[in-house]
Amino acid sequence: MDDKILVTRSSMPELSEYMDEISDMWQTHWLTNMGPKHKKFQAELREYLGVENIDLFTNGHMSLELTLQAMNLQGEVITTPFTFASTTHAIVRNGLTPVFCDIDPDTYTMDTSKLEDLITDRTCAILPVHVYGNICNVEEIDRLAHKYELKVIYDAAHTFGETYKGNGIGSFGDAACFSFHATKVFNSIEGGAVCFKDKRLGEILYELKNFGIRGAEEVSAVGANAKLNEFCAAMGICNLRHVEREIDKRKTVVERYRSHLEGIEGIRLNIIQPDVKSNYAYFPVVFEEKVFGASRAEVFDKLAENGIGARKYFYPLTNTFSAFNGKFDVTETPVALHISKRVLTLPLYADLPLEEVDRICKIIQECKY
């Protein structure tokens with residue numbers, strides 16, 4: 001149906017603004033291979049995110065997969081199953097073994113109280129995931145990483161533009177990987193980035209994303225092709241001009257949801273973290289059927305009947321994927337399993353009309369009665 005409300009909608013600049021940004025490409029014919037738009041986008045992102053170093057990639061997954069490869073890791077990587085497939089797949093595709101830590105029931109991020117018990121002599125890194133705009137316990141992760149001399153790579157796909165205690169979220173860990181997919185708070189159509197401190201890591205990443213090419217006549221590594229093209233970089237440049245206004249509009253939508261849904265028995269809303277400048281990336285709602293009176297599935301179906309697309313996000317857990325043929329024991333992450341069976345992310349984007357938020361909440365409230 002044409003008037004269906006989707007769970008997200010891509011932010012886009014005015015067509016004239018994008019056309020103006022790309023117009024000089026018809027003179028230069030420079031369409032890819034780290035051209036002027038790439039360099040401009042990279043510099044503007046470094047400043048906006050408040051990070052030391054950043055490089056751009058064709059998408060968020062390649063930024064993560066190649067970061068793991070660049071670190072030349074071996075053994076086990078502790079991560080969370082409450083994430084998108086990309087996180088776990090990046091580990092496995094590097095010949096590494098994921099070890100799953102359960103999640104905190106309030107933030108849905110890695111439960112650091114359970115992290116140390118999972119560290120063994122085979123552990124080489126920790127790959128925590130910031131979820132729904134909620135950030136991980138970065139202090140405790142940093143403490144344990146230093147204690148056991150482990151690398152830390154953050155999956156920061158949900159936290160673009162956020163700060164914690166005034167520091168850009170990309171400045172934590174050895175590396176932080178972002179996705180600029182069309183569904184995210186900030187997009188470059190497709191795209192991704194890695195923020196990092198060690199410049200040598202940046203050199204390796206550059207080689208890996210460009211076939212291992214070091215110079216015109218030297219190929220020093222076996223690399224991939226993960227370069228961000230100029231059209232995507234141009235979209236990123238345009239959207240970056242408006243991202244703060246977009247975040248403010250998302251905040252208004254979130255506050256409207258909260259005004260309707262807070263305090264309803266059997267509904268759990270996303271927490272508000274202290275010291276975090278939020279980007280209002282998602283609006284997750286956990287439905288406890290025995291208290292609320294309706295299951296997640298029933299709410300999902302009722303919304304769908306009314307042309308509203310919610311998302312069971314994250315469901316299923318990555319440690320239950322058929323791709324892994326029962327290699328992992330989901331009972332080892334009971335909190336993640338519980339949340340995954342009950343959570344819905346409701347439609348959230350900058351231009352979502354508030355009257356539609358009212359309608360969505362009315363439908364949810366009616367499921368209770």
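## Strand E2 and its neighbours

Buried means under 20% relative accessible area. Keep that cut-off in mind for strand E2, which covers residues 76–79. This model is a predicted one. In E2, Glu76 and Ile78 point one way. Val77 and Thr79 point the other way. All of these residues are buried, because each falls under the 20% cut-off.

E2 has pairing partners. One of them is strand E3, residues 97–100. The two pair in the parallel sense, over four bridges. Within this pairing, valine 77 stands opposite proline 98 in E3. Strand E4, residues 123–126, also pairs with E2 in the parallel sense, here over three bridges. Isoleucine 78 has isoleucine 126 in E4 as its bridge partner. A helix joins the picture too: E2, H5 and E3 make a β-α-β unit, and the unit is right-handed.

## The sheet E7-E6-E13

Next comes an open sheet of three strands. Their order is E7-E6-E13, and the pairing is antiparallel. Strand E7 (167–168) and strand E13 (276–277) are the edge strands. Each of these edge strands pairs on one side only.

Strand E6 spans residues 163–164. Two bridges link E6 and E7 in the antiparallel sense. For tyrosine 164, the bridge partner is asparagine 167 in E7.

## The sheet E12-E14-E15

Another open sheet also has three strands, in the order E12-E14-E15. Here, too, the pairing is antiparallel. Its edges are strand E12 (267–269) and strand E15 (343–346), and each pairs on one side only. From one strand to the next, the twist averages 30°.

Strand E14 holds residues 283–287. Four bridges join E14 to E15, and the two run antiparallel. Valine 285 has a bridge partner in E15, leucine 344.

## The largest pocket

Now turn from strands to empty space. Rolling a probe the size of a water molecule over the atoms shows where such space is left. The largest pocket has a volume of about 390 Å³. Its lining is made of 25 residues. Phe84, Ser86, Ala157, Ser179 and Lys184 are the lining residues that lie nearest the centre of the pocket.

Which elements each supply at least two residues of this lining? They are helix H4 (60–70), helix H5 (85–92) and strand E8 (175–179). H4 provides the largest share, four residues. H5 is also the helix of the β-α-β unit with E2 and E3. Sorted by class, the lining of the largest pocket has 12 polar, nine nonpolar and four charged residues.

## The second largest pocket

The second largest pocket holds about 280 Å³ of space. Its lining has 19 residues. Nearest its centre lie Arg258, Ile271, Ile272, Ser278 and Tyr280. Two elements, helix H8 (230–261) and E13, give two or more residues to this lining. E13 is also an edge strand of the sheet E7-E6-E13.

Which element gives the most to the lining of the second largest pocket? H8 does, with four residues. By class, this lining has nine nonpolar, five polar and five charged residues.

Terms used. Residues are numbered from 1 along each chain as its sequence is written. This is a predicted model: local features need pLDDT of at least 70, side-chain atom pairs count only at pLDDT 80 or more; totals for chains, interfaces and linings use all residues. Side-chain values use heavy atoms; hydrogens and water are left out. Two strands pair if DSSP finds at least two bridges between them. On a 1 Å grid over the protein atoms alone, a cavity is a set of points where a 1.4 Å probe fits but cannot get out, and a pocket is an open set with protein on both sides within 12 Å along at least five of seven lines; lining residues have an atom within 4 Å of a point. Grid points are joined across faces, edges and corners, and a volume is the space filled by probe spheres set on the points. Ala, Val, Leu, Ile, Met, Phe, Trp, Tyr, Cys and Pro count as nonpolar, Asp, Glu, Lys and Arg as charged, and the others, Gly among them, as polar. Buried means under 20% relative accessible area, exposed over 50%, partly exposed in between (1.4 Å probe, protein chains only). A crossover is right-handed if, with the strands pointing away from the viewer, the path from the first strand over the helix to the second runs clockwise. Axes are lines fitted to C-alpha atoms, for helices over the stretch in contact, and angles run from 0 to 180 degrees between N-to-C directions.
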